[in-house]
Amino acid sequence: MSGVALITGAAAGLGRALVEKLLADGWTVHGVDRDEEGLATYGANFVPYKSDLSDRASLNMLASELADQSFDLVIHNAGISATGRFEDIEAAAHARLLAVNVHAPIFLTNALLAGGAFAPKARLMFVSSLSHA
């Protein structure tokens with residue numbers, strides 16, 4: 001199977017592995033990350049989007065850039081963590097964590113659904129991890 005995919009957190013780690021696998025399988029991949037240099041390392045059939053998912057203006061711009069696409073697969077992989085004792089983590093770090101790990105995937109999914117950017121029988125995945133003291 002091949003098609004068109006969207007992957008957030010595409011420049012490194014699990015996101016990079018997912019992009020590389022899909023590209024090797026013949027997919028066209030739209031990749032989102034704030035790491036522009038990491039996005040620039042891919043070749044053909046890769047469409048990069050530089051975006052900071054913790055920033056509302058950047059997220060709004062990304063949603064409008066993706067509005068005219070049709071995705072067979074969307075993987076919300078981008079994520080950050082705030083480690084340490086809960087009470088020692090600054091409130092701003094908690095807010096950024098929620099913005100990237102919770103708000104951005106919900107907002108983007110809503111925007112993609114509202115704009116008709118999911119192809120028939122498209123798949124949607126949310127990748128999550130656990131950060132604890």
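V74 sits in strand 4 of this predicted model and, leaving aside neighbours within four places in sequence, is in contact (heavy atoms within 4.5 Å) with L6, L112, F118, R123, L124 and M125. Strands here are DSSP runs of E with at least two residues, helices are runs of H or I with at least four, and both are numbered from the N terminus. With a relative accessible area of 1%, V74 is buried; the cut-offs are under 20% for buried, over 50% for exposed and in between for partly exposed, using a 1.4 Å probe and protein chains only. One of its partners, L112, lies 38 residues away in sequence, yet the two C-alpha atoms are 9.7 Å apart in space.

L112 turns up again in the largest nonpolar core, meaning a set of buried Ala, Val, Leu, Ile, Met, Phe, Trp, Tyr and Cys residues joined through side-chain atoms within 4.5 Å. This core has 17 residues, and those touching the most other members are L6, L53, L62, L66, F71, L108 and L112. Two or more residues each come from helix 3, strand 4 (71-76) and helix 4. F71 alone, with neighbours within four places left out, is in contact with V4, A5, L6, H30, L66, L112, A117, F118, A119 and A122. There is also a second, separate core of 12 residues, I7, A10, L39 and I75 among them.

Next, the helix pair. Helix 3 (residues 56-66) and helix 4 (residues 91-114) have axes that come within 10 Å and cross at roughly 30°. The axes are lines fitted to C-alpha atoms over the stretch in contact, and the angle, on a scale from 0 to 180 degrees, is taken between N-to-C directions. The two helices are therefore roughly parallel to each other, a label for angles under 35 degrees (over 145 is roughly antiparallel, 65 to 115 roughly perpendicular, the rest oblique). On the helix 3 side the contact is made by R56, L59, N60, L62, A63 and L66, and on the helix 4 side by H103, A104, F107, L108, A111 and L112. These residues divide into nine nonpolar, two polar and one charged, where Ala, Val, Leu, Ile, Met, Phe, Trp, Tyr, Cys and Pro count as nonpolar, Asp, Glu, Lys and Arg as charged, and the others, Gly among them, as polar.

Back at the strands, V4 belongs to strand 1 (residues 4-8) and is partly exposed at 22% relative accessibility. Residues up to four places away aside, V4 touches W27, T28, H30, S70, F71, D72 and L73. From V4 to A99 the C-alpha distance is 26 Å, with their positions 95 residues apart in sequence. N77, in the loop between strand 4 and helix 4, counts as buried at 12% relative accessibility. Its contacts beyond four places in sequence are I7, T8, G9, L14, G15, L18 and V127.

As for the backbone, most residues other than glycine have a negative phi. N45, not a glycine, has a positive phi of about 65°; N45 lies in the loop between helix 2 and strand 3 (46-50) and is partly exposed at 46%. K121 in strand 5 (residues 118-126) also has a positive phi, near 65°, and counts as exposed at 82% relative accessibility.

Residues are numbered from 1 along each chain as its sequence is written, and side-chain values use heavy atoms, without hydrogens or water. Local features need pLDDT of at least 70 and side-chain atom pairs count only at pLDDT 80 or more, whereas totals for chains, interfaces and linings use all residues.
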